[in-house]
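Work through the exercises below with the model open. Try each task before reading its solution.

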Amino acid sequence: MTIAANDSSLSSWVLVSPESDFPIQNLPMGIFSRRDESVSVGVAIGDYVLDVRELASLGYLSALEIDNSVFSSQHLNRFISLGQPVWRAFRERISELLNKSNQELQSNEDHIKDVLIPKNEVSMHMPVRVGDYTDFYSSIEHATNVGTMFRDPENALLPNWKHIPVGYHGRASSIISSGIDIERPKGQTKADDAEAPSFGPTRLLDFELEMAFILGKENELGTPVSTAEAEDHIFGMVLFNDWSARDIQKWEYVPLGPFLAKSFASSASPWVVLMDALEPFRVSGPTQDPPVLPYLQYDGDKNYDINLEVFIQPDNSEPVRVCESNFKYMYWNMAQQLAHQTINGCNVRIGDLYGSGTISGSDKGSYGSMLELSWKGTNPISMNDGSERKFIQDGDTVIMKGHAEKNGIRIGFGEVSTKVLPAR
Ligand code: CA
């Protein structure tokens, strides 16, 4: 598929540095507010946020025939509900207006002042109202590492793992945007040698490096979405830190899976990169052996080459990169995840969020959680201030970044950054 807005020869009259995540070929969407003002839909370009509400009120988007109130919504859900042809037309129009060969906006200094805001003058918010949240477990390296640590290295994967994109239903209410602090959660834990459980702050707070896709088109109850149809149902992607309390998880997860160990918070990056912008970065996924059941089979390249990084920044110290991974490692792809989610007839809704599961690669530096990086705490990681980390400590900020790059074009996600405060 050729998409004009992806053309690598395009450049914008807005200054965009080569290291920026947000060149004219990206144009991710989010929800922002200026100081003391109500929220608006925005598009990121370089170090600026394009105020789409203002842009629409000045008439620049009139040909799209979108009700302008869509752009002053609290979330992107209303825009998403307009459907993929509108997402595409919108992105093409924004690309046109920001193109240096187009004079419409470029030549109007008053309008530029109204619509182009330095990003350090805005606050970003959760881009979508998440109705339902599903989290998968789709990295074979991650599942193998966890199975090796907690069960049997010879049989690290459970018998279902290569047949089912394993997942569970998470908690949508506690999904938060980047920049919101979390408090160390409390709960029940039980040490192996203890007779009874005890209650208190988690000792094993962990991040999970994930990406998440946002559902863009609904299906009717009873009507599954096939792998071939799945991509029409996906609006875009964000970075996702699926916080986990390992000691709480260990005690509670049998027989129904994780519960309070995961539901205290999950952090999402504020800019949604549309699937159209990621089109040039498709790659083939790993060979699935044994072959999967027919409803999970698919054609074409369904993985995406997206570089991922995790940093830990202790209080009053520099961030240290602890992980470099890539979304292309995923064993199960998004089309398979959505086909599996709906194969029983379950309906999905606009704004639903689907986490990939922890994204680990094969080498030790690519593991997507402290559980794996420190190998259950046996291999601590050094910080610049001389301290060590087995898991995440109070005062630490965990920062995840991601970008795809090809032909000199960098399509980035910005970051998701969350500071951990002491337990209340
Ligand atoms: Ca997870």
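**Exercise 1. Surface and overall form**

Task: State how much area the protein exposes and what share carbon and sulfur atoms supply.

Solution. The exposed area is about 18500 Å². Carbon and sulfur atoms supply 49% of it. Accessible areas come from the Shrake-Rupley method with a 1.4 Å probe, and for residues only the protein chains shown count as cover.

This is a predicted model: local features need pLDDT of at least 70, side-chain atom pairs count only at pLDDT 80 or more, and totals for chains, interfaces and linings use all residues. Residues are numbered from 1 along each chain as its sequence is written, and side-chain values use heavy atoms, with hydrogens and water left out.

Next, take the secondary structure. The protein has 10 helices and 26 strands. These are DSSP runs numbered from the N terminus (helices H or I, at least four residues; strands E, at least two). The radius of gyration is 22 Å, close to the 22 Å that the globule rule gives for 424 residues, so the protein is as compact as a globular protein of that length. The radius is taken over C-alpha atoms, and the rule is 2.2 Å times the number of residues to the power 0.38. Along the principal axes, the C-alpha trace spans about 70 × 55 × 35 Å.

Finish with burial and contacts. Buried residues account for 54% of the 424. Buried means under 20% relative accessible area, exposed over 50%, and partly exposed in between (1.4 Å probe, protein chains only). Among contacts between residues at least 6 apart in sequence, 71% join residues at least 24 apart. A contact means heavy atoms within 4.5 Å.

**Exercise 2. The calcium site**

Task: Find which residues coordinate the calcium ion, and at what distances.

Solution. Start at the ion. D135 (OD), E208 (OE), E210 (OE) and D242 (OD) coordinate it at 2.2 to 2.3 Å. Donors are N, O and S atoms within 2.8 Å of the metal (3.2 Å for Na, K and Ca); water is not among the atoms, so sites may look incomplete.

Now read along the chain. The donor spacing is D-x72-E-x1-E-x31-D. Then check burial of the two glutamates. E208 counts as buried because its relative accessibility is 4%. E210 is buried too, at 0%.

**Exercise 3. Nonpolar cores**

Task: Which residues have the most contacts inside the largest nonpolar core?

Solution. Define the set. A nonpolar core consists of buried Ala, Val, Leu, Ile, Met, Phe, Trp, Tyr and Cys residues joined through side-chain atoms within 4.5 Å. The largest has 55 residues, and F207, V322 and F327 have the most contacts inside it. Strand β26 (residues 409-421) gives the most to this core, with 5 residues. Apart from it lies another core of 50 residues, among them L98, I214, F240 and L353.

Zoom in on V322. Leaving aside neighbours within four places in sequence, V322 is in contact with F207, V310, F311, I312, G365, L373, I381 and M383.

**Exercise 4. Unusual backbone**

Task: Where are the cis peptide bonds from V254 to P255 and from D289 to P290, and what is phi at W375 and K376?

Solution. Recall the background: most residues other than glycine have a negative phi, and most peptide bonds are trans.

- V254 to P255 is cis, with omega near 10°. P255 sits in the loop between α7 (246-252) and β16 (266-268).
- D289 to P290 is cis, with omega near 5°. P290 sits in the loop between β18 (282-283) and β19 (303-304).
- W375 has a positive phi, near 45°. Its loop runs between α10 (370-373) and β23 (381-382). W375 is partly exposed, at 29%.
- K376 has a positive phi, near 60°. K376 lies in the loop between α10 and β23. K376 is partly exposed, at 42%.

**Exercise 5. Two loop serines**

Task: Are S317 and S369 buried or exposed, and what do they touch?

Solution. Take S317 first. S317 lies in the loop between β20 (307-313) and β21 (320-326). At 10% relative accessibility, S317 is buried. Beyond four places in sequence, S317 contacts N384 and D385.

Now S369. Its loop joins β22 (353-355) and α10. S369 is buried, at 0%. Not counting residues up to four places away, S369 touches H142, D206, F207, R246 and T358.
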